[in-house]
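The following briefing concerns a single protein model and is arranged by topic. Please consult the sequence and the coordinates alongside the text.

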Amino acid sequence: MSSSIFSISRAFKRNVVGALLVGVAAAGITTPAAAEIKVGVSDWPGWVAWYVAEQKGFFKKNGADVKLVWFANYTDSIGALSSGQLDANSQTWSDTLGPLAKGLPLKAILVNDNSAGNDALMVGPKITSFAQLKGKKVALEQFSISHFVLATALAKNGMKLGDVKIVNLSAGDAAAAFISGKVDAAVLWNPWVHQIEASGKGKALFTSKDMPGLVPDLLVAQDKAIQTKRKELVGMIKAWFETEKFIREQPAEAAKIMSKVVSMSPEEYTVFLPGTKFFDAAANTQAFDAKQALSLASTAPTIAAFLTQYKLIEGKPDAAKGIDGTLLQDALK
């Protein structure tokens, strides 16, 4: 996997990004036309939801001319934004801190969601406490979101990573190793969390719901786009609030739209919705208020510390420079 954190490419795997000015594989992307904003989207519910906005006409209703650009490889979308080939991109806060540490002119302008259960530390029936994990084998994708979830879970329970034996496996292989009994625990994301629970082989001892604010998924824009296409971006934020309301009030129809984008059945896709906390206007207002304990500004040091510890970023990111809540304020007027 690539070298960064928190990306579950959420093609069930947000990989972590090390190279920031990566040569982008999305060769067809060109400089956006003046009347249109190009926005990268990858496979994660909070981002696939943008297709609900598109198909239900929320972009048009709010005066936003938006072209969604699909990236099968999430890492490529980060490279596309960092190198100026997109106006905005769907990416995590952690994967934005790296470019900010490099001084790239990017701004988080909206929080789509927080992972709220889709990532979990799964243990067998015999393990009922963190103390029982000491010395046990835990399978996970090293330096991915799963690694961060485990580090946070252990720290909250008076333990450290050295107290367990990490087995570095891809998420699918980690799930298989857990189910077959080759490891004592595994840190995974859906659909594997759901599959393990359904099999009766394991249960969640800790989930991303237990670490609120630390796994935020965002809309991040180029400074240039904010200056030249502000009206479009504000309209996009307004469209998001209608999208969140639609998903909340009509989840079945929303799942039908979203599942088609990623070639799944609506029934399969509904598994992801409860573990995704979609952010409405009130939640966004709190996320952009630096005085709030779970705001982007407040959680950045914790996330950056993990990235720095494992040499996943170079330099110290100035989180304040990477946050612009003024578009949100305009959208709420």
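**Briefing: a helix, a loop residue and an aromatic cluster**

Helix H6 is mostly covered, with 10 of its 12 residues buried. The model is predicted, and the protein it describes contains 15 helices and 11 strands. The points below begin with H6, continue to the loop that follows, and then turn to aromatic pairs and overall values.

**Helix H6**

- H6 comprises residues 145–156, and the distance from its first C-alpha to its last is 16 Å, close to the 16 Å expected at 1.5 Å a residue.
- The buried residues of H6 are Ile145, Ser146, His147, Phe148, Val149, Leu150, Ala151, Thr152, Ala153 and Leu154.
- Five strands are packed against by these buried residues, namely S5 (119–123), S6 (137–140), S7 (165–168), S8 (185–189) and S9 (203–207), together with helix H14 (296–309).
- Gly158 follows H6 and has a positive phi, near 70°.

**The loop between H6 and S7**

- Asp163 is located in the loop that joins H6 and S7.
- Asp163 counts as buried because its relative accessibility is 13%, which is under the 20% cut-off.
- When neighbours within four places in sequence are left aside, Asp163 is in contact with Leu133, Lys134 and Gly135.

**Aromatic pairs**

- A search of the whole structure yields 12 aromatic pairs.
- One of them is formed by Trp240 and Phe278, a tilted pair with 6.4 Å centre to centre and 35° between the planes.
- Trp240 belongs to helix H10 (residues 230–249) and Phe278 to strand S11 (residues 276–278), so this pair ties together parts that are 38 residues apart in sequence.
- Trp240 is buried, its relative accessible area being 0%.
- Phe278 is buried as well, with a relative accessible area of 13%.
- Trp50, Phe59, Trp240 and Phe278 make up one aromatic cluster.

**Overall values**

- The protein has 333 residues, of which 58% count as buried.
- Among contacts with a separation of 6 or more, 78% are between residues 24 or more positions apart.
- The exposed area of the protein is about 13,500 Å², and carbon and sulfur atoms supply 53% of it.

Terms used. Residues numbered from 1 in each chain as written. Predicted model: local features only at pLDDT ≥ 70, side-chain atom pairs only at ≥ 80, totals over all residues. Heavy atoms only, no water. Helix = DSSP H or I, 4+ residues; strand = E, 2+ residues; numbered from the N terminus. Expected span 1.5 Å × (residues − 1). Buried < 20%, exposed > 50% of the residue type's maximum accessible area, 1.4 Å probe, protein only. Contact = heavy atoms within 4.5 Å. Phe/Tyr/Trp six-rings, centres within 6.5 Å; stacked < 30°, edge-to-face > 60°. Areas by Shrake-Rupley, 256 points an atom, 1.4 Å probe, with all protein chains shown as cover.
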